[in-house]
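Please work through the exercises below with the structure open beside you, trying each task before reading its solution.

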Amino acid sequence: MADPRFFTIAAPISLARLADEANAEIVNGDADDLFEDVASLDSAGPRDVSFLDNKKYRDQFQVSRAGACVVAPKMVERAPDGMALLVTDQPYLGYARIAQLFYPAVTKAPGIAETAHAPSSADIGQDVEIDPGAVIGERVSIGARSQIGANTVVGDGCVIGEDCGIGDNVTLSHCLNGLRVTLFPGVRIGQDGFGFARGPQGAVKVPQLGRVVIEDDVEIGANSTVDRGAGPDTIIGAGTMIDNLVQIGHNVRIGKHCVIVSQVGVSGSTELGTGVVVGGQTGFAGHLRIGDGAQIAARSGVMRNIDPGTRVGGFPAKPMRQWLREQANLERLTKKGK
Amino acid sequence: MADPRFFTIAAPISLARLADEANAEIVNGDADDLFEDVASLDSAGPRDVSFLDNKKYRDQFQVSRAGACVVAPKMVERAPDGMALLVTDQPYLGYARIAQLFYPAVTKAPGIAETAHAPSSADIGQDVEIDPGAVIGERVSIGARSQIGANTVVGDGCVIGEDCGIGDNVTLSHCLNGLRVTLFPGVRIGQDGFGFARGPQGAVKVPQLGRVVIEDDVEIGANSTVDRGAGPDTIIGAGTMIDNLVQIGHNVRIGKHCVIVSQVGVSGSTELGTGVVVGGQTGFAGHLRIGDGAQIAARSGVMRNIDPGTRVGGFPAKPMRQWLREQANLERLTKKGK
Amino acid sequence: MADPRFFTIAAPISLARLADEANAEIVNGDADDLFEDVASLDSAGPRDVSFLDNKKYRDQFQVSRAGACVVAPKMVERAPDGMALLVTDQPYLGYARIAQLFYPAVTKAPGIAETAHAPSSADIGQDVEIDPGAVIGERVSIGARSQIGANTVVGDGCVIGEDCGIGDNVTLSHCLNGLRVTLFPGVRIGQDGFGFARGPQGAVKVPQLGRVVIEDDVEIGANSTVDRGAGPDTIIGAGTMIDNLVQIGHNVRIGKHCVIVSQVGVSGSTELGTGVVVGGQTGFAGHLRIGDGAQIAARSGVMRNIDPGTRVGGFPAKPMRQWLREQANLERLTKKGK
């Protein structure tokens with residue numbers, strides 16, 4: 001069970017309710033049976049719900065003591081005796097929804113903490129929570145039910161939509177956030193892009209006159225940084241998930257529903273299409289176009305445009321198979337040469 | 001036009017004044033004509049000033065509706081009819097200065113916020129702004145007209161010169177900052193370097209007894225980290241520009257007017273000369289010497305000293321051409337072998 | 001001498017006391033002689049103690065004016081005349097202890113700052129220091145003599161052991177910290193891991209129900225991030241040293257006494273054994289097992305399990321020698337082909 005110091009559980013829940021939430025069909029189970037928690041296959045007991053989504057865990061599944069399990073149709077006949085099955089084509093998605101049912105998002109305490117700083121020019125919606133030490137700028141707008149974390153700083157004029165969760169120790173400036181945006185602790189949004197001209201007396205800053213536009217349902221991981229545009233805006237498309245310590249340069253446009261893993265860097269003015277997936281520690285040169293649905297392996301160095309739907313890897317990034325073949329070939333050539 | 005919620009424009013400005021600021025010559029224009037804003041070539045209208053600095057945008061230039069444009073001499077004859085030209089050998093630099101004229105640095109509100117913490121032992125200059133929640137340590141010195149951002153923490157004894165802009169949520173300790181230093185949100189300066197001896201009961205910390213010295217006109221990007229020296233100081237030379245999420249180890253000496261792009265890591269005791277340019281995500285081993293004017297491509301792994309003025313890339317880093325040739329050769333050898 | 005604005009020295013100290021602390025034998029010195037400071041070989045004077053641990057500095061040693069020096073037995077006969085020697089098999093460890101003697105850890109001022117926020121439900125031990133602007137959550141437990149930095153945020157229910165040093169601007173949630181844990185400024189512990197299922201309407205968050213467990217004597221560098229577990233905990237083993245800007249994903253288990261250099265990324269569910277050393281900017285794929293005592297070179301991309309005690313490098317990571325041979329071979333093949 002999750003540590004009750006940190007998590008509050010909403011149990012028990014009936015199998016029928018779970019099936020409904022997971023959009024799954026009940027096999028071998030009684031709709032009225034009650035369940036107490038979610039758990040992994042190896043630790044689950046008869047009152048727990050588990051899931052199987054990865055072949056690697058099939059053996060664990062076959063000996064699991066879980067009372068119920070979310071599985072794909074083809075696994076039904078491998079289930080151990082007595083296990084109730086919640087059958088769906090997308091077991092992990094089903095599990096995600098069930099886990100959310102057991103552990104609903106924490107209801108926070110609306111109100112503005114005494115030590116928060118919120119000027120009268122700020123437009124603060126209903127049931128907003130502003131935590132201690134937060135500093136809200138002039139003319140900021142915060143939508144209903146949003147939370148602003150402790151010691152977070154929201155710069156003048158910023159807009160935060162409804163139902164956003166802005167973490168602790170975050171800094172926002174020059175940005176417009178949509179609905180249900182989640183920013184984790186230490187995120188920095190809207191600072192100047194890295195733009196300057198080199199003159200005889202050193203660098204001369206080019207004023208960065210754009211904004212950061214974060215669309216609905218975006219999530220940005222801890223200590224990631226998103227610079228504002230130089231003239232055009234920097235844009236993070238709806239539903240995009242960004243991990244920790246990622247750098248997004250000025251004028252970058254990230255499409256909708258992209259997934260960007262930790263420590264990626266996207267240089268200025270590069271555009272990612274819809275549904276692009278980027279592995280950790282990858283870097284993109286500036287001014288590139290990455291097509292819809294492209295998949296970039298971890299630790300790639302992308303120096304050219306990438307066609308939609310392609311899978312690339314390596315540095316310079318190239319079709320993933322080609323890169324793997326080249327690495328294998330170098331290994332072979334070297335062994336032979338000994 | 002830049003979003004007025006975030007930017008304040010100082011317009012109109014005459015062509016004569018713009019030419020003066022850009023150190024440019026007026027061609028095809030009336031010195032008394034007034035302009036309202038800066039804009040990109042494709043979005044500019046007859047009252048906007050644009051610029052052309054990159055061949056890629058030459059086509060846009062030839063059909064641009066910009067009323068005025070900063071260009072190099074050789075582009076004059078390609079200009080569309082009716083466009084006033086501000087001709088200079090350094091169009092981007094000229095543009096930078098014009099944009100600064102339209103969008104001057106924001107004047108902040110001098111004074112110490114009520115919720116800031118500033119002990120009487122601190123020496124705070126004229127017209128300093130200290131924002132809400134900032135915590136100033138004992139015996140800190142802050143020069144005239146500097147700004148300390150909200151929820152920033154300045155450790156005991158730190159020195160901040162005149163006209164500095166220390167962002168929000170920054171942490172400083174054991175450091176001396178020159179004039180006009182800009183630190184973006186989340187920067188961490190002066191914490192212990194990664195120094196310890198391994199003993200029978202585990203790591204024993206080696207006291208880190210140096211400081212961080214940041215010279216004039218340095219800029220350090222969001223969430224970057226600069227450790228203080230172990231004995232000697234860590235030094236960032238005047239005019240150096242550092243991007244976001246960069247790591248500078250203890251005892252590192254960065255020369256003057258260097259440019260260090262995002263996510264670079266410089267290991268302990270490495271020295272960069274004057275005017276070194278380092279591409280994003282590059283790493284340097286410790287105790288290296290990188291010569292003046294060296295250029296290190298993005299994603300390089302530098303394991304040896306680099307001669308002044310050379311261009312290197314790859315991992316292990318080598319002359320850029322050689323690295324590119326090797327990569328091409330591996331591709332060829334692999335294709336042939338199919 | 002270390003800058004007195006930042007460091008307080010406890011001098012003089014007798015050679016006998018230094019020898020005792022360094023677990024060293026005095027050669028050529030008078031036990032009663034007094035020393036004033038530590039210094040590097042090239043800057044030390046007759047009242048300073050220095051050390052020689054790296055062959056590179058042997059020449060400096062032979063002409064050093066240091067009054068005393070911590071050295072290995074084999075260096076004794078190379079010492080300059082008149083230098084007192086503190087002889088030990090582990091000179092750097094001996095030096096670390098001597099430097100700690102001259103520069104003992106700063107005693108802070110116990111007490112809760114007026115502008116800190118600490119609810120009555122928090123359990124705060126004896127002689128704890130809570131700095132201005134810190135925000136302590138409900139039911140937090142802080143052990144005796146620990147310090148919580150300025151503007152740091154400790155989430156509800158977190159546990160901090162005795163003698164911990166939590167830096168400024170840190171964010172903690174869902175975590176349990178052992179004794180003598182040091183977290184540098186800007187560290188983020190316990191936020192959600194990067195876990196979601198992809199559904200027809202976009203990503204669906206998978207509740208992250210684990211914690212972060214940080215064992216005794218761990219140190220985590222500035223702006224590093226450690227996500228909490230998805231179900232199991234994320235664990236950082238006792239005595240492990242983590243540098244700046246490192247990312248530790250959910251469910252990762254780091255063994256005891258590991259060393260992880262700056263900008264490393266460890267993907268979800270990967271396990272490092274005891275005493276693993278990881279060079280900077282290395283990345284690990286998820287679900288890997290890295291054996292005890294493995295050494296991973298800087299900038300490696302680790303895609304497979306690593307056997308205990310092996311040294312690997314490159315991308316994909318392989319035995320270090322093999323990787324170096326392959327790189328040399330590619331260089332040779334390319335030169336020949338010219």
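## Exercise 1: a pair within one helix

B:Glu21 has a relative accessible area of 25%, and it therefore counts as partly exposed. This is a residue of a predicted model, and the task is to find which residue B:Glu21 forms a salt bridge with, and how the two are placed in helix H1 of chain B.

Solution. Begin with the general idea that side chains of opposite charge can pair when their charged atoms come close. The partner of B:Glu21 in a salt bridge is B:Arg17, with the closest N and O atoms 3.2 Å apart. Next, look at the helix: the two residues are 4 residues apart in helix H1 (residues 15-22) of chain B, which means that about one helical turn separates B:Glu21 from B:Arg17. Finally, consider the surroundings of the partner, for B:Arg17 has a relative accessibility of 37% and so counts as partly exposed.

## Exercise 2: pairs between loops

Determine where B:Arg211 and B:Asp233 lie in chain B, and whether they are buried or exposed.

Solution. The side chains of B:Arg211 and B:Asp233 meet in a salt bridge, at 2.7 Å from N to O. B:Arg211 belongs to the loop between E22 and strand E23 (212-214), while B:Asp233 belongs to the loop between strand E25 (225-226) and strand E26 (234-236), so the pair ties together parts of chain B that are 22 residues apart in sequence. As for their surroundings, both B:Arg211 and B:Asp233 are buried.

Now set beside this a pair in chain C, where C:Asp163 forms a salt bridge with C:Arg145, the closest N and O atoms being 2.8 Å apart. This pair links distant parts of the chain, 18 residues apart, with C:Asp163 in the loop between strand E15 (159-160) and strand E16 (165-166) and C:Arg145 in the loop between strand E12 (141-142) and strand E13 (147-148). C:Asp163 is partly exposed at a relative accessible area of 33%, and C:Arg145 is partly exposed at 44%.

## Exercise 3: a helix checked for length and burial

Compare the expected span of helix H3 of chain B with the distance between its end C-alpha atoms, and decide why the helix can be called largely enclosed.

Solution. Helix H3 (residues 91-102) of chain B has 12 residues, which at 1.5 Å a residue should span 16 Å, where the expected span is 1.5 Å times one less than the number of residues. The end C-alpha atoms of this helix are 16 Å apart, which agrees. For the second part, 9 of the 12 residues of H3(B) are buried, so the rest of the structure largely encloses the helix. Among the buried residues are B:Pro91, B:Leu93, B:Tyr95, B:Ile98 and B:Phe102.

## Exercise 4: how the chains are related and joined

Find what rotation superposes chain C on chain B, and describe what the two chains share at their interface.

Solution. A rotation of 120° with 0.0 Å of shift along its axis lays chain C on chain B, with an RMSD of 0.0 Å. The two copies are thus related as by a three-fold rotation axis. Turning to the interface, 52 residues of chain C are in contact with 66 residues of chain B, and the two chains bury about 4600 Å² between them, 61% of it on carbon and sulfur atoms. On the side of chain C, the residues that lose the most area to chain B are C:Arg5, C:Phe6 and C:Arg299, which together make up 14% of what that side buries.

The polar side of the interface can be read next, since chain C and chain B have 3 salt bridges between them. The side chains of B:Lys318 and C:Glu331 meet in one, at 3.2 Å from N to O.

## Exercise 5: a network across two chains

Identify which residues are linked with A:Asp3 in a network of salt bridges.

Solution. Start from A:Asp3, which forms a salt bridge with C:Arg211, the closest N and O atoms being 2.9 Å apart. The network links A:Asp3 with A:Arg5, C:Arg211 and C:Asp233. For the wider setting, the count between chain A and chain C is 3 salt bridges, and a search of the whole structure finds 48 over all chains.

Key:
Residues numbered from 1 in each chain as written. Chains lettered and ligands numbered in written order. Predicted model: local features only at pLDDT ≥ 70, side-chain atom pairs only at ≥ 80, totals over all residues. Heavy atoms only, no water. Least-squares fit on C-alpha atoms with pLDDT ≥ 70 in both. Buried < 20%, exposed > 50% of the residue type's maximum accessible area, 1.4 Å probe, protein only. Contact = heavy atoms within 4.5 Å. Buried area = accessible area lost by both parts, 1.4 Å probe. Salt bridge = Lys/Arg side-chain N within 4 Å of Asp/Glu carboxyl O.
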